[in-house]
Amino acid sequence: STVGYGDVSAASNWGRAITVAAIIIGIALIPQEVSDLVELLAARSVYRTDTNKYSYTDHVLLCGDVTFARAVDFFQEFLHEDHGKSNVKVVVLAPFDPSPQFQRLLKQPFFKQMVTFLNGSSFIADDLRRARIDTTRAAFVMAPYNINDYNDEDARRADATTVLRCLALRRANPQMAIYTMLLRPRSRAHLHNARVTALNVARFRGNLLANSAVCTGFCTVLSHLTHSLNTRAAAAAGGNSGAALRPWLREYRHGFSNEIYTLRAPRSFDGLEFVTAAMVAQAHEGVVLFGAKHDCSDGVFSGVLLCPHQYTIAEGQVLFCIAQDRKTVKRVEALGDRHVQLARAHIEKVRACASAGNRGVAAASPTAKRKKAGKGGSAAATTTTTTTTTTTTT
């Protein structure tokens, strides 16, 4: 310890005594205070920082009951390479720090670039500001998953929290899309004017069971179409080379990598019937059109029409399709008039061949042969009768 270079020093004995006492007290107290300050700085979570240090403007918000398993499922689907959302980041807002397993996931290069975890609440305005709620494209609110929805009281409390969180997000950003899940059908009424897309678990489960009873394998088909799996993963799932697989298994593996997408009808589809547009998309890119979003004249959403054969498509209309990936859908959206004309000519040839084949099959069918034989037999019998009558008369 020192009091300087000596240019300023205590001149009296009392001054020297006070200086010595100050030095001793400083040696005893300063390390303890520094230690306490370091502990306070270490206790501050790194996940309670602002997002201004992250260089992105296009992102979605994931909040609610975010667990590691559910977050991984969301990341695998939303950030899948088939969807083409390479520039859309994910901001996770949860009232806790991530678990060690979650932290290891966030340190991976891909997730470190695409995912940001923030410790905060969607009910606090400052936390929503840190998550850049004003520029958020969409918000996904995860409802409590481990709640027994058969217990009406627990389900009611869980839905109340979800509804309040959705309303807080809607108040913070009136323009963004909000998606959530509700356990009770009656809770949907509280979000009637909030423009929130809510999936009811109980009703959805009942629809799945009912459709599975009518159509065997309905849940499996729906699961495959709503989960992304690329062709390489589908090939790995097969376990064998494509040539060694049975035909049905090879077809199953090929369809295993298809998902449901939406596309905007190109200008070349304007004025076409739905069945013609579906044939054009199938002929060029192997895309299956199965529905169209129908809007009323005032722009209010009316519903989705499934396979409307004679429905006339307008340019820019939202269509629903089954395709391998987003790139294939983009190619359909880029089809021009020449592609449509070529596809329509090919369709006419196929129809003509099918019609000729049907006539040939009908002519070669046993029923047609019996009818022809019956006509020949009747003619022969008539000729024989006429000859016999003439001979008798003679």
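How are α7 and α8 oriented to each other? In the predicted model described here, helix α7 spans residues 201–214 and helix α8 spans residues 218–225. The two helices pack at an angle of about 125 degrees, and their axes lie 8 Å apart. An angle between 115 and 145 degrees falls outside the ranges for roughly perpendicular and roughly antiparallel; α7 and α8 are therefore oblique to each other. On the side of α7, the contact is made by F204, L208, N211 and S212, and on the side of α8 by F218, C219 and L222. These residues divide into 5 nonpolar and 2 polar, with no charged residue in the contact. Helix α7 also lies across β5 and β6, running at about 55 degrees to β6.

The overall composition of the chain provides the setting for these elements. The secondary structure of the protein chain comes to 14 helices and 10 strands. Of its 394 residues, 32% count as buried. Among contacts between residues at least 6 apart in sequence, 71% join residues at least 24 apart.

Confidence in the prediction was examined next. The average pLDDT of the protein chain is 79, and 77% of the residues score at least 70. Over residues 377–394, however, the pLDDT is below 50, and this stretch has 0 contacts in the model beyond near neighbours in sequence. Where pLDDT is low, the predicted coordinates should not be read in detail.

The strands β5 and β6, across which α7 lies, belong to an open sheet of 6 strands in the order β3-β2-β1-β4-β5-β6, with parallel pairing. The edge strands are β3 (residues 115–119) and β6 (residues 196–200), each of which pairs on one side only. On average, neighbouring strands of this sheet are turned by 20 degrees against each other, direction ignored.

Within this sheet, strand β1 (residues 59–64) is joined to two partners. It runs parallel to strand β2 (residues 89–94), to which 5 bridges join it, and L62 stands opposite V92 in β2. Likewise, 5 bridges join β1 to strand β4 (residues 136–142), again in parallel; here L61 stands opposite A139 in β4. The pairing continues from β4 to strand β5 (residues 177–182) in the parallel sense over 4 bridges. Residue A139, which faces L61 of β1, also stands opposite I178 in β5.

The burial of β1 was then considered. In a regular strand the side chains alternate between the two faces of the sheet. In β1, residues H59, L61 and C63 on one side and V60, L62 and G64 on the other are all buried, and both faces are thus covered. Since 6 of the 6 residues of β1 are buried, this strand is largely enclosed by the rest of the structure.

A further buried position is found in strand β10 (residues 318–323), which contains C321. The relative accessible area of C321 is 0%, and because a residue under 20% counts as buried, C321 is classed as buried. Leaving aside neighbours within four places in sequence, C321 is in contact with E259, I260, Y261, L263, V287, V288, L289, F290 and V329. The separation of C321 from N258 is 63 residues in sequence, whereas their C-alpha atoms are 9.9 Å apart in space.

Conventions: Residues are numbered from 1 along each chain as its sequence is written. This is a predicted model: local features need pLDDT of at least 70, side-chain atom pairs count only at pLDDT 80 or more; totals for chains, interfaces and linings use all residues. Side-chain values use heavy atoms; hydrogens and water are left out. pLDDT is the predictor's confidence in each residue, from 0 to 100. Contact means heavy atoms within 4.5 Å. Axes are lines fitted to C-alpha atoms, for helices over the stretch in contact, and angles run from 0 to 180 degrees between N-to-C directions. Angles under 35 degrees count as roughly parallel, over 145 as roughly antiparallel, 65 to 115 as roughly perpendicular and the rest as oblique. Ala, Val, Leu, Ile, Met, Phe, Trp, Tyr, Cys and Pro count as nonpolar, Asp, Glu, Lys and Arg as charged, and the others, Gly among them, as polar. Buried means under 20% relative accessible area, exposed over 50%, partly exposed in between (1.4 Å probe, protein chains only). Two strands pair if DSSP finds at least two bridges between them.
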